[in-house]
Amino acid sequence: MKRLLGIAVAVLALAAAGQSPLQRRVVKDVLDYFHSRSNVQYLFREQSVEGAVERVDSSGTFVQLRLNLAQTACRKQTQRRQNCRIMENRRKPACLACYKFDNSDVPKVLDKYYNCGPSHHLAVKEIKHRDEAECRAVEEAGKASDALYLPGMFAFSKGLPA
């Protein structure tokens, strides 16, 4: 049993090592969001990341992750969270997360969307279409087509007649 737990910890460490800093930030943000929900009583851990997409363009970096979570034996209020073991045959929700970051040295979130639920829930056709549309909108954030024009951004002056 200890050997199996050691292998699981090693696999999780390797998975985290292969993620970019922005992807790790998205995973942390999604876990924080998930744990903030009132119907969640136990801690959840990242079990796997599927379909990680990271695209950089002139308006920023778009990150999309499909994140599988696993319920642990620890309650949300537990102080020592690193010793929580994953419970087999418990809830294993899936989350879709789409984030758009700007190009600054400390990237700020321009827009985000996440949806967490039972893994079979995210496979429903209507939800899948909604998720795809929301992620496309997040990816477009910060591009010139949705820029706001505020009063005073442009000044026009009338030249004197010659």
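A residue is called buried here when its relative accessible area is under 20%, exposed when over 50%, and partly exposed in between (1.4 Å probe, protein chains only). By that cut-off, 33% of the 162 residues of the protein chain count as buried. The model is predicted, so local features need pLDDT of at least 70 and side-chain atom pairs count only at pLDDT 80 or more, while totals for chains, interfaces and linings use all residues. Residues are numbered from 1 along each chain as its sequence is written, and side-chain values use heavy atoms, with hydrogens and water left out.

Begin with the whole chain in a ribbon view, where three helices and four strands follow the order α-α-β-β-β-β-α from the N terminus; helices (H or I, at least four residues) and strands (E, at least two) are DSSP runs numbered from that end.

Next, select helix 2, residues 21-36, which spans 23 Å from its first C-alpha to its last. Show the side chains of Leu 22, Gln 23, Val 26, Val 27, Val 30, Leu 31, Phe 34 and His 35, which are buried, and then add strand 1 (42-57), strand 2 (60-75), strand 3 (93-101) and strand 4 (109-118), which are among what covers them.

Now centre on Val 30, which, leaving aside neighbours within four places in sequence, is in contact (heavy atoms within 4.5 Å) with Leu 67, Cys 95, Ala 97, Tyr 114 and Cys 116.

Widen the selection to the largest nonpolar core, a set of buried Ala, Val, Leu, Ile, Met, Phe, Trp, Tyr and Cys residues joined through side-chain atoms within 4.5 Å; of its 17 residues, Val 26, Val 30 and Leu 69 touch the most other members. Helix 2 gives the most to this core, with six residues.

Finally, select Leu 96, Cys 98, Tyr 113 and Val 138, which are included in a second, separate core of six residues.

Terms used. Expected span 1.5 Å × (residues − 1).
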